[in-house]
Every structure is written in C-alpha cells, then in structure tokens.
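I opened the notebook to record what I could look up in this structure, taking the overall fold before the individual side chains.

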Amino acid sequence: PGETSTLAPASVRLTQLTDEQRAFIKTLNNELQKFNTFFINSEEDFVMKEMRLEDEYAAVVDPQTGERARGVLPERHRRVLRAFADFHGELVLMEHWVSLNYTALVKILKKHDKRSSSLSLRSPFLVSVLQQPFYSTEVLSGLIVKVERMFRQLSVMTTTGEAGEATGAALEPAAAVAAGGGAGGG
C-alpha cells in the first residue's frame, strides 16, 4: 500500500483509484522488484567474478614490467585473455539489459497514460525508477572500465601471430553494439 501511493500523483488519492488501477500499479511495482533482485544478484556475481579474474591477471602479468610473468605458458595467457573477453561481454549484456528494461517501462507507461484519461503514471513512476538499484550502474560501469584496461594489457602481451586469433574480435562486437552498431557491428 505505501509503495503504491507514491506512484500516484499528489492530486490523486489511493482511495480514488479503481481496482484495475491498483492492480496495474501493484504489477508495475512487482516487476520493478524483480528487476532489482535480478540486477543486485547479478552485480554481486560480477564483482566476485572480477575478483577471481583479477587474481588470474596477477598470476599472468609481471607487476614490475607489465609483461607476461615468467613461466606463464602462452596457452594459460590465452585462456585468461579469453576469460576477460567473455566477462566483458557479460558486463555489456547487463548494461543492455538495464537499458532495455528501462525502455520497456517507459513504453508501458506511455501506453497506459495514453489509454487512461484519469491517471497519469509515467512521470511519477519514472522518477521512482531513477532511484532504483537496477538503474544505478556505477559499479557495473566501473567493472567494464577495469576489465577493459586489464584486457588491453593482456592483449599487448600477445604475440603477433596470436593477436588476430585471440583479440581480433574479442571486444570489437561488444563495442559496436554499445555504440549502436547492432549485433552485426554496423
């Protein structure tokens, strides 16, 4: 009940809402809660995975020289490089998931407001959404920057023959999608 009343404009009292309007608001709040739960759990998993990959990175990169650590085989280096590329892809997919869910909420609310002459929800609900965990992507963005930095360092250490294989397309498709180029890369 408390959550529902915050979504209705100040001029509309909860008691003035129809059963259908209450049900719609309750459904929106339930879906928003699902978004938040999924995002928070995923973000925790990402932080833990990044910590494990950082340990792998530390084992492969010599901290003094920034080069491949002594005794690290090229196969292990490629495996770690691939793990960073895969993880970067997961992070970018989560960024897209956030954008898609926000866009879906905007469209649902726009359609609701267009069809409902008595109750406009878009503005108050979207103000609420901007404060939600799933819309707060600072940690996710920080992880992406950190993973890209470590990936580039690992890529620099790859020999010329391996570079085309291991790094040639690893981050480029994700970057093209992030830039709006679509899955095909433009």
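The entries below go from the overall make-up to the core, the salt bridges and a charged patch.

**Entry 1, overall make-up.** I noted at the outset that I am working from a predicted model. I counted the secondary structure and found seven helices and zero strands, so that reading from the N terminus on, the elements run α-α-α-α-α-α-α. I then looked up burial for the whole protein, and buried residues make up 35% of its 186 residues.

**Entry 2, the core.** I turned to the largest nonpolar core, which has 37 residues, and asked which of them touch the most other members. The residues that came up were Phe 84, Leu 91, Leu 105, Phe 134 and Leu 154. Tracing the core back to secondary structure, I found that the elements giving two or more residues to it are helix 2 (19–60), helix 3, helix 4 (122–129) and helix 5 (138–156). The largest share, 10 residues, comes from helix 3.

**Entry 3, salt bridges within helix 2.** How many salt bridges does a search of the whole structure find? The search gave eight, and I went through some of them one by one. I started with Arg 22 and Asp 19, whose side chains meet in a salt bridge at 3.2 Å, N to O. Because these two residues are three apart in helix 2, Arg 22 and Asp 19 are separated by about one helical turn. I checked their accessibility as well: Arg 22 is partly exposed, with a relative accessible area of 31%, whereas Asp 19 is exposed, at 59%.

I next looked at Glu 31, which forms a salt bridge with Lys 34, and recorded that the closest N and O atoms are 3.0 Å apart. This pair, too, lies in helix 2 with a spacing of three residues, which means that about one helical turn separates Glu 31 and Lys 34. Glu 31 counts as partly exposed at 32% relative accessibility, while Lys 34 counts as exposed at 52%.

**Entry 4, a salt bridge between helices.** I then took up Glu 90 and Lys 49, which form a salt bridge with their closest N and O atoms 2.6 Å apart. Which parts of the protein does this pair tie together? Glu 90 lies in helix 3 and Lys 49 in helix 2, so the salt bridge ties together parts that are 41 residues apart in sequence. Both ends came out as partly exposed when I looked them up, Glu 90 with a relative accessible area of 30% and Lys 49 with 26%. I also noted a network, in which salt bridges that share partners join Glu 50, Glu 54 and Lys 146.

**Entry 5, a positive patch.** Lastly I looked at charge on the surface, where Lys 107, Lys 110, Lys 111, Lys 114, Arg 115 and Arg 122 gather in a patch of positive charge. Helix 3 (residues 74–115) supplies the largest share of this patch, five residues. I picked out Lys 111, which is found in helix 3, and asked myself whether Lys 111 is buried, partly exposed or exposed. Its relative accessible area is 47%, so I entered Lys 111 as partly exposed.

**Closing note.** Going back over the entries, I see helix 3 giving the largest share of the core and also the largest share of the positive patch.

Terms used: Residues numbered from 1 in each chain as written. Predicted model: local features only at pLDDT ≥ 70, side-chain atom pairs only at ≥ 80, totals over all residues. Heavy atoms only, no water. Patch = residues over 30% accessible without salt bridge, like charges linked within 9 Å, V, L, I, M, F, W, Y side chains within 5 Å. Areas by Shrake-Rupley, 256 points an atom, 1.4 Å probe, with all protein chains shown as cover. Lys, Arg positive; Asp, Glu negative; His and termini not counted. Charge placed at Lys NZ, Arg CZ, Asp CG, Glu CD. Buried < 20%, exposed > 50% of the residue type's maximum accessible area, 1.4 Å probe, protein only. Core = buried A, V, L, I, M, F, W, Y, C linked by side-chain atoms within 4.5 Å.
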